[in-house]
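Here is a short set of exercises to work through with the model open beside you. Try each task before reading on to its solution.

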Amino acid sequence: MKPSIQAFFDHATFTVSYLVSDPESRRAAIIDPVLDYEPRSGRTGTKSAQAILDVAHRAGLTIDWILETHAHADHLSAAAWLAEKTRAKIAIGEHIATIQKTFRPIFNAKDVIADGTPFDRLLKDGERIALGDLAIEVLYTPGHTPACVSYRIGDNVFVGDTLFMPDYGTARADFPGGDASALYRSIRRLLSLPPQTVLWMCHDYGAPGRTDHAWKSTVAEERARNVQIHDGVTEDEFVAARTARDKTLAMPMLILPSIQVNIRAGEMPPAEDDGNTYLKIPVNRIGRELE
Ligand SMILES: N[C@@H](CCC(=O)N[C@@H](CS)C(=O)NCC(=O)O)C(=O)O
Ligand SMILES: [Fe+2]
């Protein structure tokens, strides 16, 4: 039995979220949902997340899981909002505690205990969780962040930020705790799966000569044509090229709001004594010094 898979592309952040279900039992998971956020005004919105729920409701699906591939640095997660609507459990890789430990002092986030709470389930490499009669296998695939995981359901793998489309390459490895060597090894692990395995990306930024967005590839295609990590590229070559490119990249537009929400499983920081909620901008704590 194969899962049903529907992709939802967020044009504001180039993120792909997925609704994955077992056609037999109609149990479903939502992978990497986006909470809309307008940085100029500080407004949040739930149109993107509601669109996933609408499709799920029309198909008569019960959402059991909200799965995060990692603590995203470029968009806010709708996990908490969706969990409240559906009573699904929010799961993420167990090393999220490392990310919480890193960012708690940066945001002086005293409510963040850095033990993986408030996520409902912390997943280990090789662990399996049930999606109706299907099994979702967790693959620990660090490098972009120290807590990244991929989710395998039969011949389909949701690779998070590891590989991108063959004409774009791979995720960056310069966030705190990022490691280009680890990313290389995680990607080679994914590329050792059977060649027909379908890989579902978490982002697509487009690529030269391609105007449409795409998020579905295969192990065979990536091994043959990925511009940064096709077969034959050594770890040293990859690390040198990745590190050089990362030196040219600005921090993602939404890294500061995203991280402080996403280490809390998509919850806003606690309200202040005036009853209102604020997102912080830590001054001179992340990124490169200005030249
Ligand atoms: N311009 C985007 C960049 C987002 C970004 O850095 N994306 C990460 C994934 S969270 C990445 O790996 N990018 C790869 C690259 O730009 O080469 C933004 O501001 O949001
Ligand atoms: Fe990411």
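A residue counts as buried when its relative accessible area is under 20%, as exposed when that area is over 50%, and as partly exposed in between. Keep in mind throughout that this is a predicted model.

**Exercise 1. The iron site**

Find which residues coordinate the iron ion (ligand 2), and work out whether Asp161 is buried or exposed.

Step 1. Start from the metal: the iron ion (ligand 2) is coordinated by His70 through NE2, His144 through NE2 and Asp161 through OD, at 2.0 to 2.3 Å.

Step 2. Read the spacing of these donor residues along the sequence, which is H-x73-H-x16-D. The pair of His70 and Asp161 is 91 residues apart and links distant parts of the chain. His70 sits in the loop between strand S6 (62-67) and strand S7 (76-77), while Asp161 sits in the loop between strand S13 (156-160) and helix H4 (180-191).

Step 3. Apply the cut-off. Asp161 has 4% relative accessibility, so this residue counts as buried. His70, at 1%, counts as buried too.

Step 4. Turn to the geometry. Four donors count as tetrahedral if all angles lie between 85 and 135 degrees. Here the angles among the four donor atoms run from 89 to 166°, and the site is irregular.

**Exercise 2. Salt bridges across the chain**

Take the salt bridges Glu94 with Lys124, Asp111 with Arg264 and Glu137 with Arg152, and determine which parts of the chain each one ties together.

Step 1. Recall the principle: side chains of opposite charge can pair when their charged atoms come close. A search of the whole structure finds 14 salt bridges.

Step 2. Glu94 and Lys124 meet at 3.2 Å, N to O. Glu94 lies in the loop between strand S8 (89-93) and helix H3 (96-107), and Lys124 in the loop between strand S9 (121-123) and strand S10 (128-131), so this pair ties together parts 30 residues apart in sequence. Glu94 is partly exposed, with a relative accessible area of 27%, and Lys124 is partly exposed at 46%.

Step 3. Asp111 and Arg264 meet at 2.7 Å, N to O. Because Asp111 is in the loop between H3 and S9 and Arg264 is in the segment after helix H7 (255-262), the bridge joins parts 153 residues apart in sequence. Asp111 is partly exposed at 36%, whereas Arg264 is buried at 6%.

Step 4. Glu137 and Arg152 also form a salt bridge, at 2.7 Å, N to O. Glu137 belongs to strand S11 (residues 134-140) and Arg152 to strand S12 (residues 149-153), so parts 15 residues apart are tied together. Glu137 is buried, with a relative accessible area of 15%.

Step 5. Add a network to your picture: salt bridges link Asp167, Asp204 and Arg210.

**Exercise 3. The span of helix H3**

Check whether the end-to-end distance of H3 agrees or disagrees with its 12 residues, then describe what covers its buried residues.

Step 1. The expected span is 1.5 Å times one less than the number of residues. For the 12 residues of H3 that should be 16 Å, and the end C-alpha atoms are 16 Å apart, which agrees.

Step 2. List the buried residues of H3: Ile96, Ala97, Ile99, Gln100, Phe103, Ile106 and Phe107. Their cover includes S8, S9 and H7.

Step 3. Look just past the helix. H3 is followed by Asn108, whose phi is positive, near 45°.

**Exercise 4. Cys202 and the question of a disulfide**

Locate Cys202, and explain why its sulfur is not bonded to that of Cys148.

Step 1. Cys202 is in the loop between strand S14 (198-201) and strand S15 (216-218). This cysteine is buried, with a relative accessible area of 1%.

Step 2. Survey its surroundings. Leaving aside neighbours within four places in sequence, Cys202 is in contact with Phe14, Thr15, Val16, Asp32, Thr69, His72, Gly160 and Asp161.

Step 3. Compare sulfur positions. A disulfide needs cysteine sulfur atoms within 2.5 Å. The closest cysteine sulfur to that of Cys202 is in Cys148, 9.1 Å away, which is too far for a bond. Cys148 is itself buried, at 2%.

Step 4. Conclude with the overall count: the structure holds zero disulfides.

Terms used: Residues numbered from 1 in each chain as written. Chains lettered and ligands numbered in written order. Predicted model: local features only at pLDDT ≥ 70, side-chain atom pairs only at ≥ 80, totals over all residues. Heavy atoms only, no water. Donors = N, O, S within 2.8 Å, 3.2 Å for Na, K, Ca; no water. Tetrahedral: all angles 85-135°; square planar, octahedral: opposite > 155°, others 65-115°. Helix = DSSP H or I, 4+ residues; strand = E, 2+ residues; numbered from the N terminus. Buried < 20%, exposed > 50% of the residue type's maximum accessible area, 1.4 Å probe, protein only. Salt bridge = Lys/Arg side-chain N within 4 Å of Asp/Glu carboxyl O. Contact = heavy atoms within 4.5 Å.
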